[in-house]
Amino acid sequence: MFIGAVPKEVVGQVLSTVPFDEWGDVYVGCSGSFRFDRAVKMRHPGCRVYSNDVSLLTCSIGALAMGREFDIRFKGELEFVEAAIAGMDFRGRVAAVMVAAAMGKFTSKNEYAQVHFRHYREQFRVFVDQALPKLAALVAEIKIEDYYAGDFIEQADRAEKSGGGMACFAPTYKNGYERIYRLVNENTDWPAPKYSIWDPDSLPAFIVSLEERHIPYCVISDQLLADRTPTTEWRGANKPVYTYSSNQAAS
């Protein structure tokens, strides 16, 4: 249900090369499935992890992890969800967001996609009931100090103010979030945070800004930058994944 998550192999590489325990406060940008956040906390229990994202899926899970909630209403193509989850609490609505995000992969006009979309719609409550225990297990694993719904550039500002470090895996193409979560974005009402559309070409400047402000950093990307040597490199089935960090260890 999460697209573009940090590969597990990359998480392992990063944990073995970046001294998060020396940072103390780890501010994560673009938390996504919280895979990275959970891994840092598991390896370094003493670290204080602060998560961040702008998607409804991650923001709603982050709210659950912090014991918070906010209003989520389904409309348009997803208006049928309101009847399907009638009487459910905030946790049920978050599970519905998880299912709706999965439905978003089947919005094409071809017969294959349409058959799957109809199946999700007809069995929506069943899928929600199946998602609830998965959601509960995920939330139980999220041990964070706080969650910030907003631009990850602002999360870097928060890291600077606290004297902590910044770790992020920003979208690898422009309008990435907007395309991945289009169905959910266009058919829900919720207090969505404002943020700037990230341009991956801005990555070098972002890294420089972290260095100029003396913020320890770990930036994961699919870009091989001409003027930098990656701290780690991983090659899987898709694009290579590189890590650029403020320490000099290499993997």
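**Exercise 1. Strand β1 and its cover**

Work out how many residues of strand β1 (residues 25-29) are buried, and which way they point.

*Solution.* Keep in mind that this is a predicted model. Start with the count: buried means under 20% relative accessible area, and five of the five residues in β1 fall in that class, so the strand is mostly covered. Next, sort the residues by direction. D25, Y27 and G29 point one way, while V26 and V28 point the other way. Both groups are buried.

**Exercise 2. The neighbours of β1**

Find the strands that β1 is joined to by bridges, and pick out some facing residues.

*Solution.* Take strand β2 (residues 48-53) to begin with: three bridges join it to β1, and the two run parallel. Looking at residues, Y27 has Y50 as its bridge partner in β2, and V26 stands opposite V49 of β2. Now turn to strand β5 (residues 165-168), which is joined to β1 by four bridges, again running parallel. Here G29 has C168 as its bridge partner.

**Exercise 3. Getting from β1 to β2**

Trace the chain from β1 to β2: which helix does it pass through, and is the crossover right-handed or left-handed?

*Solution.* Follow the chain out of β1 and you go through helix α3 (residues 35-43) before arriving at β2. This β-α-β crossover is right-handed. As for where α3 sits, it lies across β1, β2, β5 and β7, and it runs at about 180° to β2.

**Exercise 4. The whole sheet**

Write down the strand order of the open sheet and name its edges.

*Solution.* The sheet has seven strands, in the order β4-β2-β1-β5-β7-β9-β8, and the pairing is mixed. At the edges you find β4 and β8 (232-234), each pairing on one side only. On average, neighbouring strands are turned by 20° against each other, direction ignored. To place one more helix, look at α1 (residues 8-17): it lies across β7 (217-221), β8 and β9 (241-245), and runs at about 165° to β8.

**Exercise 5. Helix α9**

List the buried residues of helix α9 (residues 152-162), then explain why they line one face.

*Solution.* First, the list: F152, Q155, A156 and A159 are buried. Then look down the axis of α9: these residues fall within an arc of 105°, so they line one face of the helix. Now ask what covers them. The cover includes β1, β2, β4 (146-149), β5 and α12 (203-212). Finally, check the ends. D151 caps the N-terminal end, with a side-chain oxygen 2.9 Å from the backbone nitrogen of I153. Just after the helix, G163 takes a positive phi of about 80°.

**Exercise 6. Helix α12**

Sort out the buried side of α12 and the face turned away from it.

*Solution.* Begin with the buried residues, L203, F206, I207 and L210. Their arc around the axis is only 100°, which puts them on the same side of α12. The face turned away from that side carries A205 and E212, both exposed. Next, see what the buried residues pack against: α9, β5, β7 and β9. Last of all, step just past the helix, where H214 takes a positive phi of about 60°.

Key. Residues numbered from 1 in each chain as written. Predicted model: local features only at pLDDT ≥ 70, side-chain atom pairs only at ≥ 80, totals over all residues. Heavy atoms only, no water. Buried < 20%, exposed > 50% of the residue type's maximum accessible area, 1.4 Å probe, protein only. Pairing = 2+ DSSP bridges. Right-handed = clockwise from strand over helix to strand, strands pointing away. Arc of directions from axis to C-beta. Contact = heavy atoms within 4.5 Å. Polar contact = N/O pair within 3.5 Å; in protein donor to acceptor, adjacent residues only side chain to side chain. Axes fitted to C-alpha atoms, helices over the stretch in contact; angles between N-to-C directions.
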